[in-house]
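Please open the structure in your viewer and keep the selection panel at hand. This tour moves from one selection to the next and says what is to be found at each stop.

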Amino acid sequence: MQEKFNPFRIAQEQLDQVAAKLELDPVTHQLLRNPMHEMSAALPVKMDDGSTKIFQGFRVQYNMSRGPGKGGIRWHPRETLDTVRALAAWMTWKTAVVDIPLGGAKGGVVCNPGEMSMGEKERLARAYIRAFAGSLGMTKDVPAPDVYTTPQIMAWMMDEYETIAGECHPGVITGKPVPLGGSKGRSDATARGGIYVTREAGRAFDITLIGSSMAVMGFGNVGQNAALLGEEILGLKVVAVSDSRGGVYNSRGLDAKQLVEYKNTNGTLKGFPNGEEITNDELLQLKVTVLFPAALENVITQENASRINCNICCELANGPTTPEADEVLDTNGVVVLPDFLANAGGVTVSYFEQVQNANNFYWDLQEVHSRLNAKMTSAFQNVYDVCEYNDVSLRQGAYMLAVARVAEACKLRGWV
Ligand code: NAD
């Protein structure tokens, strides 16, 4: 990865900008620039061919001043400690911006799940928990899914933790399957939260959504649900979607349900009828009302930012836009819903899951949706008010609100 795209440097740069705006004292600024606790472990896993492979695993607990750590575990061949640090920092701002009583953390394993059998994945999931169990738990740090980790992987992880503890701890991990204490509504919560803030942005900036177009980059958990719910809740028409192997486009519209079925049956979007092939870069540059980047970091860069042609860019992925590109989008009048606000629906329902596990009492789907709607609507409104008052972009406003909340918690604890 090129140094200028190091996500942790980007996360630190974003913090530096907001520290200046908030006139944060230098000690608090220094504390918030780095993780408070980070761990790395070698994870030996027996492979199906009888060999043993050593995987590298990470867990970063960035800041827990507002509550126990919270953040997903990503399995990716190009995972790095700096990516995990950046994601843990963004989790800290994310839990703060939606005002839930949790800190920020993140985990990762360098691996290629596409080349692993179910048995190998299960043994890797269990090895990860054995390495980090001492630092995990409802009062310490609670993981969840992220890229290429699934509810099934969360189930194995919970089971391993409970085996070690010798008692039930459903709240040790969120994003579990519903029969094991997962929350109803968790599987589409990230996209749903993004759809709610897009609706609010449409109202605030007077952008008509119903009947307008959307494009989705990344067609996994978040991207698929964004397409389905964008259609269902906002009345948006899907014109293009893509995954790591490319995408499909039709200016007259594509059926979101058919796209999801096709991708999940064939493992690819290639060959989808009623559409033409499109590259990821072409998709990003389409003239659409709403663009949902829902894959990985650093896809909107200085190189392509001036050609981004949407009214609203709802960052469902973490870190899709570099700081240089962000300035270009801002100058060009694109309403950017920043990642740690736009994709906070997932952690919000993860928090609801923890609350339900702690009480051993479960909510119906309607209750989850209405509580999520209330949280995301008020988070957008709070950020918008900060922006209006300070005449800053939504990203800067979200940062100002979140960092001020974390700084206040650090101060109240007497850390700074
Ligand atoms: P996922 O593994 O379910 O899907 C990822 C998708 O991105 C896949 O379709 C993959 O093919 C595609 N992809 C990978 N590389 C790509 C590339 N270079 N170009 C285009 N597509 C590419 O992951 P997910 O859970 O949907 O997460 C997607 C993003 O949302 C990540 O940035 C993640 O951190 C973020 N996020 C996820 C959650 C959650 O609850 N799952 C919560 C908050 C943020």
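Two residues are said to be in contact, or to touch, when heavy atoms of theirs lie within 4.5 Å. Please keep in mind throughout that the model is predicted.

**First stop: Asp 141**

Select Asp 141, which belongs to strand E5, the run of residues 141-145. Leaving out residues up to four places away in sequence, Asp 141 touches Arg 59, Gln 61, Pro 68, Gly 69, Lys 70, Ala 105, Ser 135, Leu 136 and Val 172. Of these, Gln 61 deserves a second look, since its side chain makes a polar contact of 2.8 Å with the side chain of Asp 141. Is Asp 141 buried or exposed? Its relative accessibility is 0%, and because buried means under 20%, Asp 141 counts as buried.

**Second stop: helix H4**

Next, select residues 118-132, which form helix H4, with 15 residues in all. From its first C-alpha to its last, H4 reaches 21 Å, which is close to the 21 Å expected at 1.5 Å a residue. Colour the buried residues of H4, among them Leu 124, Ala 125, Tyr 128, Ile 129 and Phe 132, and include the buried Glu 120, Lys 121 and Arg 126 as well. What covers the buried residues of H4? The cover includes the strands E1 (37-46), E2 (52-63), E3 (69-76) and E4 (104-110), together with helix H5 (151-165).

**Third stop: Phe 8**

Now go to Phe 8, which is found in helix H1, residues 7-22. Phe 8 counts as buried because its relative accessibility is 3%. Beyond the residues up to four places away in sequence, Phe 8 touches Arg 33, Asn 34, Pro 35, Tyr 62, Asp 82, Arg 85 and Ala 86. If you add Ala 89 to the selection, you will see a residue that is 81 residues from Phe 8 in sequence but 8.3 Å from it in space, C-alpha to C-alpha.

**Fourth stop: the ligand**

Select the ligand and display the 23 residues that surround it, of which the closest are Thr 190, Asn 221, Val 222, Ala 295 and Asn 318. This shell divides into 10 nonpolar, 8 polar and 5 charged residues. Oxygen atoms of the ligand can be followed to several partners: one is 2.7 Å from a polar side-chain atom of Thr 190, and one is 2.9 Å from an N or O atom in the side chain of Asp 146. A polar backbone atom of Phe 219 is likewise found 3.1 Å from an oxygen atom of the ligand. Taken alone, the ligand exposes 840 Å², and the protein buries 87% of that area.

**Fifth stop: Phe 219**

Stay with Phe 219, whose place is in the loop between strand E6 (213-217) and helix H7 (221-234). Phe 219 is buried, with a relative accessible area of 3%. Apart from its neighbours within four places in sequence, Phe 219 has contacts that include Gln 224, Ala 227, Val 241, Leu 259 and Leu 269. Thr 268, though 49 residues away in sequence, is 9.3 Å from Phe 219 in space, again C-alpha to C-alpha.

**Last stop: Arg 199**

Finally, select Arg 199, which lies in helix H6, residues 189-204. A polar contact of 2.9 Å joins its side chain to that of Glu 200. Residues up to four places away in sequence aside, Arg 199 touches Leu 209, Leu 234, Asn 373 and Thr 377. With a relative accessibility of 16%, Arg 199 counts as buried.

Terms used: Residues numbered from 1 in each chain as written. Predicted model: local features only at pLDDT ≥ 70, side-chain atom pairs only at ≥ 80, totals over all residues. Heavy atoms only, no water. Helix = DSSP H or I, 4+ residues; strand = E, 2+ residues; numbered from the N terminus. Expected span 1.5 Å × (residues − 1). Buried < 20%, exposed > 50% of the residue type's maximum accessible area, 1.4 Å probe, protein only. Near = heavy atom within 4 Å. Polar contact = N/O pair within 3.5 Å; in protein donor to acceptor, adjacent residues only side chain to side chain. Areas by Shrake-Rupley, 256 points an atom, 1.4 Å probe, with all protein chains shown as cover. Nonpolar A, V, L, I, M, F, W, Y, C, P; charged D, E, K, R; others polar.
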